[in-house]
Amino acid sequence: MKVMYTCPMHPEIEQDHPGYCPKCGMTLELQTPIAGIDAAETVELKDMSKRFWIGAALALPVFTLAMAHVVPGLDMQSWVNSDVSRWVQFVLSIPVIWWAGWPFFVRGWQSLLTRNLNMFTLISIGVGAAFAYSTVAMLAPNIFPPLMKHEGMVAIYFEAAAVIVVLVLLGQVLELRARSRTGNAIKALLNLAPPTARLVVEQGDQEISLDKIKVGDLLRVVPGDKVPVDGVVVEGHSSVEESMITGEPLPVEKTAGDKVTGGTVNGSGSFVMRAERIGHDTLLGQIVTMVAEAQRSRAPIQGLADKVASVFVPTVLAISAITFIVWMIFGPEPRLAYAIVNAVAVLIIACPCALGLATPISIMVGVGRGAQEGVLVKNAEAFERLEKIDTLVIDKTGTLTEGKPKITDIIPIDRYTEQDILRLAASLELVSEHPLAAAIVLGAKAKGIATEPLKDFRSVTGGGVIGSVDGREVIIGKPAFLRDEKISGLDLLEKSALQLQDEGKTVIYVAVNGKLAGIIAVADPIKATTADAINELHALGLTIVMLTGDNHRTAAVVAKTLNLDALEAEIEPAGKVEHVKKLQSQDKHVAMAGDGINDAPALSEAEVGIAMGTGTDVAMQSAGITLVKGDLLGIAKAIRLSRYTMRNIRQNLVFAFIYNVLGIPVAAGILYPYFGLLLSPIIAGAAMSLSSVSVIGNALRLRGINLGAKLKGGEVMDKEKTSEQKPIYTCPMHPEVQQDHPGNCPKCHMTLELKKLS
């Protein structure tokens, strides 16, 4: 297979070796993930990090020597302007500029050759102009007019050139560090498949590598193993955990004739399967491909600065050239000196130091502020994209709901109590492999109910379980199974069971000594904060669509309860991706929130992927944003953070250019004919530094933003005081049930939970 590299910003750029994009200067990345080959941006991250630290160490003394004279109480003017100090600055700045900053000159030169002016054009010209001017000023000061001299010496600006290189290197390191983590999603997906499989042959099982499997091979899957490839069960039975496919945490029972998927985890049973899809044709292989393609389609946020630079660079170059020509024709003697000084002054004041800082500084502060609120931003472009989101696609299990099935209802009959039913059921389910057994056992533990000794346990696949608890025969399972076991009284709770099923709950029947004793309903509760989060997201102007692999009845109940705008149920990962693409084709800006492996392709395909921190690692690696607490209220915080940050970046870009725009005409000498004034490089350097200070100061304001504020009329409002609000208790399954004291839900009898004050 031929290795190809492409640009994430310009996918049409392809070549068979690492390098830089000729259009935007970004590092090319692997077109298709290949094990054993380091991503190009990871290699460059190490190189840029080394250049940054060495460059910073050398630039610090240059900056100190140049600026020591402005420190109050230090009489350093004579020493700073000495030949020794100037030569030390010159010597130390050479490796900073021509080694640490060399990649910028390479990319800047490439941008000129290809006529694709970008950030690196500005950086290389600005740094080169500052260094060249300073070198000439130090080595040949006599070519400059007396006006440009201070105490007989022409000012030098090696510190400006060196610091620019170091700051831009810092921005590159931050960008590359974010990009290098995007490949972790692919690695995590590839690691889901086991390295080997057990091939069934006449002599016995034979362990083979995954790439040796052929379609039609019989493979044995033992307890705890991962299913190697996609296929169908031909012998045996077990429960397989398929959360990577359905997003549901409950294992699914598999018997002969059922399909199994590569990467899913087998339970305690054993079975033989026939391989039907292998390699890239498996569902896992298709997911890997979809994630890789979706990640490549994303554009970096630095494109915003590049768009501005594409206009700014040629404008500055033209003004500098015109300045040189005008002074050569109309300027006083020495014309050449005046022409060079003023042309260089234009380039110095237009130096892109602040432009290089505008985006990464805001991103750094914004990421830190988000982390304080449990909003982790992995990809810088998430800030840019999330600001424009108008449609939010949400998974159900683990996102809207807790992802952990719980007992919601226990309805006993005759002399039995709820505690009796739960104790008997938990005693029997304690050794059961049934998918719902854990919910019952955990429910009993939560209520402090101890289990009884169990004898004669027997499990019937697809039906239920039977055993002797405290001398009584207990049967748990589906109604059809209990009828086959000649259990009487099932019709007594039929109406209640149907009502529970209409609410999307799974009903389990419990019988004791041949008679029905009661029923238990199990469901995945809606998170306590979900209803408030949905209301906030609606207030932010978002359309909310739920996509889930769960059955339509359960999903419909959740969608109606939460007042969602649209619902798609019983869909597979590819279906989620297609639905996201469909929304995008309707000119919607789509964000996807999910927590399962099955959500990874859609998280990558969406303009912004938002993962629940309580979900799978693959989901978090595929998403640009992770909510540590798994709380949907975090999405509203993330959107506000995006809007604040992008507004801050735009303000920074204005700050970065306003001094340049105001100073360029003065630097060109427009005031000289009227007032005899020229812009000293000292003032040009001060303006450049002031723009950087303004950018940093403005970015630091992000530390104090209130992400918990509610939006009203499109503006951010302060949170209302909650100190005088009364506590509100609500049901996790029925959020509409609310009261000001603890108790049980009148609809499902669940214990009410304290609602988070907003």
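The following paragraphs lead through the confidence, the sheets and two helix packings of this structure.

The model is a predicted one. Averaged over the protein, pLDDT is 78, and 75% of the residues reach a score of at least 70. One stretch calls for caution: across residues 709-725, pLDDT remains under 50. For this stretch the model has 24 contacts beyond four places in sequence. Where pLDDT is low, predicted coordinates should not be read in detail.

Towards the N terminus, the sheet to consider is an open one of three strands, ordered β2-β1-β3, with antiparallel pairing. Its edges are formed by β2 (14-15) and β3 (29-30), each of which pairs on one side only. Strand β1, residues 5-6, is joined to β3 by two bridges in the antiparallel sense. Within this part of the sheet, Thr6 lies opposite Glu29 of β3.

Further along the chain, helix α3 (residues 83-100) and helix α4 (residues 102-114) provide a helix packing. Two packed helices are described by the angle between their axes and by the distance between those axes. For α3 and α4, the axes come within 4 Å of each other and cross at roughly 45°. An angle of this size makes α3 oblique to α4. On the α3 side, the contact is made by Ile97, Trp98, Trp99 and Ala100, while α4 contributes Trp102, Pro103 and Phe105. Classified by residue type, this contact of α3 with α4 comprises seven nonpolar residues, with no polar and no charged ones.

The next strands to follow are β6, β7 and β8. Strand β6 (residues 196-201) and strand β7 (residues 204-209) run antiparallel and are joined by six bridges. With two residues between them, β6 and β7 form a hairpin. Two of the pairings can be named: Ala197 has Ile208 of β7 as its bridge partner, and Arg198 has Glu207 in that strand. Strand β6 is also joined to strand β8 (residues 218-221), by two bridges and again with the strands running antiparallel. Here Arg198 appears once more, with Arg220 as its bridge partner in β8. Arg198 therefore has a bridge partner in β7, Glu207, and one in β8, Arg220.

A sheet of seven strands comes next. This sheet is open, its pairing is mixed, and its strand order is β14-β26-β25-β24-β15-β22-β23. At the edges stand β14 (375-377) and β23 (566-568); each has a single partner strand, so one side of each is left without a neighbour in the sheet. On average, neighbouring strands are turned by 20° against each other when direction is ignored. Within the sheet, strand β15 (residues 391-394) and strand β22 (residues 543-547) run parallel, and four bridges join them. One of the pairings places Leu392 with its bridge partner Ile544 in β22. In a regular strand, side chains alternate between the two faces of the sheet.

The second helix packing involves helix α15 (residues 418-429) and helix α16 (residues 437-446). Their axes lie 9 Å apart, and the helices pack at an angle of about 130°. The two helices are therefore oblique to each other, and their crossing is left-handed. From α15, the contact draws on Leu422, Ala425, Ala426 and Glu429; from α16, it draws on Ala437, Ile440, Val441, Gly443 and Ala444. By class, the contact of α15 with α16 has seven nonpolar residues, one polar residue and one charged residue.

Terms used. Residues are numbered from 1 along each chain as its sequence is written. This is a predicted model: local features need pLDDT of at least 70, side-chain atom pairs count only at pLDDT 80 or more; totals for chains, interfaces and linings use all residues. Side-chain values use heavy atoms; hydrogens and water are left out. Axes are lines fitted to C-alpha atoms, for helices over the stretch in contact, and angles run from 0 to 180 degrees between N-to-C directions. Angles under 35 degrees count as roughly parallel, over 145 as roughly antiparallel, 65 to 115 as roughly perpendicular and the rest as oblique. A crossing is left-handed if the near helix is turned anticlockwise from the far one by less than a right angle, and right-handed if clockwise. Contact means heavy atoms within 4.5 Å. Ala, Val, Leu, Ile, Met, Phe, Trp, Tyr, Cys and Pro count as nonpolar, Asp, Glu, Lys and Arg as charged, and the others, Gly among them, as polar. pLDDT is the predictor's confidence in each residue, from 0 to 100.
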